[in-house]
Amino acid sequence: MTLTRWSPVRDLASMEIDRLNQMFEQAFSGEPMVRGGWMPTVDIYETPDKDVVVKVDLPDMKREDIKVTFENNVLSIEGERKMALDIERERFHRIERGYGAFRRSFSLPATVDVSRVDAGYQDGVLTVKLPRREESRP
């Protein structure tokens, strides 16, 4: 029986090479981006009145393709951005924008007044206003 010296650097290097190979396969095939989904960017902040505002970038989406729910102090936003079907896939030189289904969920304080939640969609930005109950205001 021969002993071989274990080299963590060699093992890490082979793992990194495998990851790079997977990244290149995904980048050049384009398929996983289309089927794998994407995650829109989100800003969450408080107004001076301590209301919570959630802004989500959803460019190139229709209002009817977006679903917003608020249950058990969890705000969920989901939808699907579809790729343009009128352009043949072979005509693309580069595909960087993400397509497919997404779902984002956020836990919010119990002080949110569910009856007054308001959502609007304009210029590709979804804005959800979550006012606090009057008794919880400072």
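Biologist: Why is Phe24 called partly exposed in this predicted model?

Modeller: The relative accessible area of Phe24 is 47%, and because buried means under 20% and exposed means over 50%, a value of 47% falls in between, so Phe24 is partly exposed.

Biologist: What makes Phe24 eligible for a nonpolar patch on the surface?

Modeller: Patch residues need over 30% relative accessible area, and Phe24, which is found in helix α1 (residues 8-29), has 47%. Together with Leu20 and Met23, Phe24 forms a nonpolar patch with about 300 Å² of accessible area.

Biologist: How do you know that β3 and β4 pair?

Modeller: Pairing requires at least two bridges, and six bridges join strand β3 (residues 66-71) to strand β4 (residues 74-81), so these two strands, which run antiparallel, count as paired. Within this pairing Ile66 stands opposite Gly79 in β4, and in the hairpin of β3 and β4, with two residues between the strands, Asn72 takes a positive phi near 50°.

Biologist: What makes β4 and β5 a pair?

Modeller: Eight bridges join β4 to strand β5 (residues 100-107), again antiparallel, and since at least two are required, β4 and β5 pair. Among the bridge partners in β5 are Arg104 for Ile77 and Phe106 for Leu75.

Biologist: Why are β3 and β5 called edge strands?

Modeller: The three strands form an open, antiparallel sheet in the order β3-β4-β5, where β3 and β5 each pair on one side only, which is what marks them as edge strands. Neighbouring strands of this sheet are turned by 10° against each other on average, direction ignored.

Note on methods. Residues numbered from 1 in each chain as written. Predicted model: local features only at pLDDT ≥ 70, side-chain atom pairs only at ≥ 80, totals over all residues. Heavy atoms only, no water. Helix = DSSP H or I, 4+ residues; strand = E, 2+ residues; numbered from the N terminus. Patch = residues over 30% accessible without salt bridge, like charges linked within 9 Å, V, L, I, M, F, W, Y side chains within 5 Å. Areas by Shrake-Rupley, 256 points an atom, 1.4 Å probe, with all protein chains shown as cover. Salt bridge = Lys/Arg side-chain N within 4 Å of Asp/Glu carboxyl O. Buried < 20%, exposed > 50% of the residue type's maximum accessible area, 1.4 Å probe, protein only. Axes fitted to C-alpha atoms, helices over the stretch in contact; angles between N-to-C directions.
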